[in-house]
Amino acid sequence: MKEIRNIILIGFMGAGKTIVGKSLASVLAKPFIDTDKMVEESVGVTIQTIFETLGEERFRELESEVVENMAGIKGAVIATGGGIVKDSANIAFLKKNGFVVYLFAGADVLYQRILEESGRPLADRMKDQTDLEMMLAERDPLYRKAADLLVDTTDKTVKTIENEIFEAIGY
Ligand code: S3P
């Protein structure tokens, strides 16, 4: 892998993009960027508040603006929001700007993980695992299509996931 390429992590909520991204960035001594944090910084409020006051559509616009503004970023590890692949322009941009890794997990694993964390407006609205399964069924093909590498995170430690990524990028 060329040294300046970004590593871009995609996947459903609870896939581990942030934790794996932070760890990768630390081992590689590269900057860590989180598109959700960048959206929050662009408007000065949390994702939760953006969804409540401006709505999901506005959030998606802000998210796409963040993706476009990443044009000049090189050599970073970038964790993306789970819905980033809903916009095909985002996918095209991500593929052009880095090595895209899909952190995969099955619905039951993801459901358990997101139950343990809060602050995700779309997860908070889910009534049960079936809601997650429906959303995952829609998005999984998009993640797969966008990805240069798929890593199944089920029952794996961050270190193991990281090593699979390192092997793929030739680190
Ligand atoms: C979303 C996932 C969230 C965040 C927003 C919407 C989604 O990011 O972007 O709440 O549509 O799946 P994480 O995947 O980091 O939780």
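Two residues are in contact here when heavy atoms of theirs lie within 4.5 Å. In this predicted model, and leaving aside neighbours within four places in sequence, Ala 107 is in contact with Gln 129, Leu 132, Glu 133 and Leu 136. Ala 107 belongs to helix α6, which spans residues 107-116. Because buried means under 20% relative accessible area, Ala 107 counts as buried at a relative accessibility of 14%. Met 134 is 27 residues away from Ala 107 in sequence, while the C-alpha atoms of the two are 9.4 Å apart in space.

**The sheet and the helices across it**

Five strands, taken in the order β2-β3-β1-β4-β5, make up an open sheet whose pairing is parallel. Its edges are formed by β2 (32-34) and β5 (149-152), each of which pairs on one side only. On average, and with direction ignored, neighbouring strands of this sheet are turned by 25 degrees against each other.

At one edge, β2 pairs in the parallel sense with β3 (residues 77-79) over three bridges, and Asp 34 has Ala 79 of β3 as its bridge partner. At the other edge, β4 and β5 are joined in the parallel sense over four bridges, with Val 101 standing opposite Leu 149 in β5. Leu 149 also appears, together with Val 151, on the covered face of β5, whereas Leu 150 and Asp 152 make up the uncovered face.

Two helices lie across parts of this sheet. Helix α5 (residues 88-97) lies across β1 (6-10) and β4 (98-104), and runs at about 115 degrees to β4. Helix α9 (residues 158-169) lies across β1, β4 and β5, running at about 160 degrees to β5.

**The ligand and its surroundings**

How many residues surround the ligand, and which are the closest? There are 13 of them, and the closest are Lys 17, Asp 36, Arg 60, Arg 120 and Arg 139. The table lists polar atoms of the protein together with their distances from an oxygen atom of the ligand.

| Residue | Protein atom | Distance to a ligand oxygen atom |
|---|---|---|
| Lys 17 | N or O atom in the side chain | 2.5 Å |
| Arg 60 | polar side-chain atom | 2.6 Å |
| Gly 82 | polar backbone atom | 2.9 Å |

On its own the ligand has 390 Å² of accessible area, of which the protein covers 95%. Lys 17 and Arg 60, both named among the closest residues, thus reappear in the table with side-chain atoms, at 2.5 Å for Lys 17 and at 2.6 Å for Arg 60, whereas Gly 82 is represented there by a backbone atom.

Note on methods
Residues are numbered from 1 along each chain as its sequence is written. This is a predicted model: local features need pLDDT of at least 70, side-chain atom pairs count only at pLDDT 80 or more; totals for chains, interfaces and linings use all residues. Side-chain values use heavy atoms; hydrogens and water are left out. Two strands pair if DSSP finds at least two bridges between them. Helices (H or I, at least four residues) and strands (E, at least two) are DSSP runs, numbered from the N terminus. Axes are lines fitted to C-alpha atoms, for helices over the stretch in contact, and angles run from 0 to 180 degrees between N-to-C directions. Buried means under 20% relative accessible area, exposed over 50%, partly exposed in between (1.4 Å probe, protein chains only). A residue is near a molecule or strand if one of its heavy atoms lies within 4 Å of it. A polar contact is a pair of N or O atoms within 3.5 Å; within protein, one must be able to donate a hydrogen and the other to accept it, and residues adjacent in sequence count only if both atoms are side-chain atoms. Accessible areas come from the Shrake-Rupley method with a 1.4 Å probe; for residues, only the protein chains shown count as cover.
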